[in-house]
Amino acid sequence: MGESTDVRPVQTPATRRLPAVQLAGACDRFLLSNGVEIPCLGFGTYMVPPDERGARSIRFALDRGLRHIDTATSYKNEHVVGEVIRDSGIPRSEIFITSKLNNPDQGAEAARAAFDRTLSWLQVDYLDLYLIHWPRVAGWEDVWEERIAETWRVFEELHRSGRIRAIGVSNFLVHHLEALVSRADIAPMVDQIEHNPGYQQRDTVAWCERNGVQLEAWGPLGRGRLMGHPVIREIAASHGKDPGQVCVRYALQKGFVTMPKSNRVERIRSNADVFDFALSEDEIAALDALDTEDGYTFHPDRLDEWAERVARAHAESGVA
Ligand SMILES: NC(=O)c1ccc[n+]([C@@H]2O[C@H](COP(=O)([O-])OP(=O)(O)OC[C@H]3O[C@@H](n4cnc5c(N)ncnc54)[C@H](OP(=O)(O)O)[C@@H]3O)[C@@H](O)[C@H]2O)c1
């Protein structure tokens with residue numbers, strides 16, 4: 001499939017978005033292509049430790065009104081997410097839970113078993129959103145197209161059976177999306193990619209917008225790296241906000257679901273306090289101008305860099 005070719009139509013009506021600047025709260029929702037509504041702001045849990053400290057962070061996020069938790073099998077904290085949700089007393093139907101299939105679990109049988117494990121760790125009987133975490137995984141580099149197609153057939157089956165409300169992908173660039181869609185019956189409803197003012201992945205964003213795939217921005221704060229940027233600091237100061245709030249607001253106004261992560265309650269609170277101001281078109285343009293080609297944390301096609309980068313990310317986070 002050529003780069004400009006659109007994908008097969010998704011099964012349901014075209015994506016309709018709420019005008020982002022009118023977003024009024026964390027529970028405002030974007031509409032996925034299959035009609036499922038997703039809260040625009042979630043709580044990210046990468047490096048949220050699987051212990052009482054991590055549980056406290058997730059509990060605090062729920063207490064602050066967040067109703068969307070983003071986890072993954074590779075984060076090793078699905079069981080903590082499950083315990084906190086169970087103990088919260090909040091009805092299951094009011095919390096949007098995303099998880100991601102771990103790389104070694106790609107393939108038909110492994111994916112089915114992994115999904116069952118995820119449900120049992122989370123103590124739920126369905127997921128709101130399940131994502132293929134990475135397109136190209138160790139050991140399958142040369143046949144990644146067939147590997148994700150096989151995995152996706154399981155996702156389609158689980159979605160049809162009602163055990164997953166929406167299915168999607170993560171870290172898929174244009175060539176990964178086209179490879180998947182040309183082999184799929186159901187187009188992905190979501191692509192979760194690294195996105196922030198310093199790394200905007202414009203080709204992938206354009207492709208998803210053209211094809212009705214809802215984008216989610218991971219690393220919306222540049223994993224903390226952008227907090228000292230002078231342009232971001234200046235915009236923040238002019239609104240009486242902090243740089244983290246500007247980055248979260250930027251993602252939302254671009255029409256992205258986002259899920260900043262913090263293990264500190266004051267940051268969880270401030271990162272969610274983004275609905276009382278709006279960035280102007282000029283400010284969005286100034287942030288757009290911060291884009292770089294190499295601002296990524298992990299590149300989906302550069303697996304050779306991963307071990308070093310994962311080690312660095314873990315050292316920076318302070319979470320073993
Ligand atoms: N699909 C994927 O492959 C993928 C990859 C990575 C992440 N994600 C998802 O996206 C979520 C967010 O991404 P991320 O966690 O990588 O990065 P992020 O949200 O951009 O940044 C998190 C980092 O910034 C710090 N931080 C948080 N709020 C801050 C603030 N207001 N001021 C200054 N520093 C702040 C945090 O430290 P403290 O905890 O100490 O506050 C942490 O080190 C993840 O948690 C995960 O759910 C998905």
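**Exercise 1. Find the stretch of this predicted model where pLDDT stays under 50, and say how many contacts the model has there.**

Step 1: pLDDT, the predictor's confidence in each residue on a scale from 0 to 100, stays under 50 over residues 1-21. Step 2: for that stretch the model has 35 contacts beyond four places in sequence, where a contact means two C-beta atoms, placed from the backbone, within 7 Å. Step 3: where pLDDT is low, don't read the predicted coordinates in detail. Step 4: for the protein as a whole, the average pLDDT is 91, and 90% of the residues score at least 70.

Some bookkeeping before moving on. Numbering starts from 1 along each chain as its sequence is written. Since this is a predicted model, local features need pLDDT of at least 70 and side-chain atom pairs count only at pLDDT 80 or more, while totals for chains, interfaces and linings use all residues.

**Exercise 2. Work out the strand order of the open sheet, and which strands stand at the edges.**

Step 1: helices (H or I, at least four residues) and strands (E, at least two) are DSSP runs, numbered from the N terminus. Two strands pair if DSSP finds at least two bridges between them. Step 2: the open sheet has 8 strands in the order β3-β4-β5-β6-β7-β8-β9-β10, with parallel pairing. Step 3: β3 (43-44) and β10 (257-258) stand at the edges with a single partner strand each, so one side of each has no neighbour in the sheet.

**Exercise 3. Describe what surrounds strand β5 (residues 96-101).**

Step 1: begin with burial. A residue is buried with 20 or more other C-beta atoms within 10 Å of its own, exposed with 12 or fewer, and partly exposed in between, the C-beta atoms being placed from the backbone. By that count, 6 of the 6 residues of β5 are buried.

Step 2: on one side, strand β4 (residues 68-70) runs parallel to β5 and is joined to it by 3 bridges. Aspartate 70 stands opposite threonine 98 in this pair. β4, helix α2 (residues 78-88) and β5 form a right-handed β-α-β unit; right-handed means that, with the strands pointing away from the viewer, the path from the first strand over the helix to the second runs clockwise.

Step 3: β5 is also joined to strand β6 (residues 127-132), by 4 bridges and again in parallel, with lysine 100 opposite leucine 131. The chain gets from β5 to β6 through helix α3 (residues 108-122), in a right-handed crossover.

Step 4: now look at helix α2. Its buried residues are Glu78, Val80, Val81, Gly82, Val84 and Ile85, and they pack against α1 (52-63), β4, β5 and α3. Just after α2, glycine 89 has a positive phi of about 80°.

**Exercise 4. Do the same for strand β8 (residues 190-194).**

Step 1: 5 of the 5 residues of β8 are buried. Val190, Gln192 and Glu194 point one way, and Asp191 and Ile193 the other. The route from strand β7 to β8 goes through helix α5 (residues 174-181), with a right-handed crossover.

Step 2: β7 (residues 164-170) pairs with β8 over 2 parallel bridges, and valine 169 faces aspartate 191.

Step 3: β8 pairs with strand β9 (residues 214-218) over 5 bridges, also in the parallel sense. Isoleucine 193 stands opposite alanine 217 there, and helix α6 (residues 202-210) completes a right-handed β-α-β unit with β8 and β9.

**Exercise 5. Is tryptophan 140 buried or partly exposed, and what does it contact?**

Step 1: tryptophan 140 is in the loop between β6 and α4 (144-160). Step 2: tryptophan 140 is partly exposed, because 17 other C-beta atoms lie within 10 Å. Step 3: leaving aside neighbours within four places in sequence, tryptophan 140 contacts Gln106 and Arg147. Step 4: tryptophan 140 and isoleucine 90 are 50 residues apart in sequence and 41 Å apart in space, C-alpha to C-alpha.

**Exercise 6. Is glutamate 293 buried or exposed, and how far is glutamine 201 from it in space?**

Step 1: glutamate 293 sits in the loop between α10 (281-288) and α11 (306-317). Step 2: glutamate 293 counts as exposed because it has 8 other C-beta atoms within 10 Å. Step 3: glutamine 201 is 92 residues away in sequence but 7.9 Å away in space, C-alpha to C-alpha.
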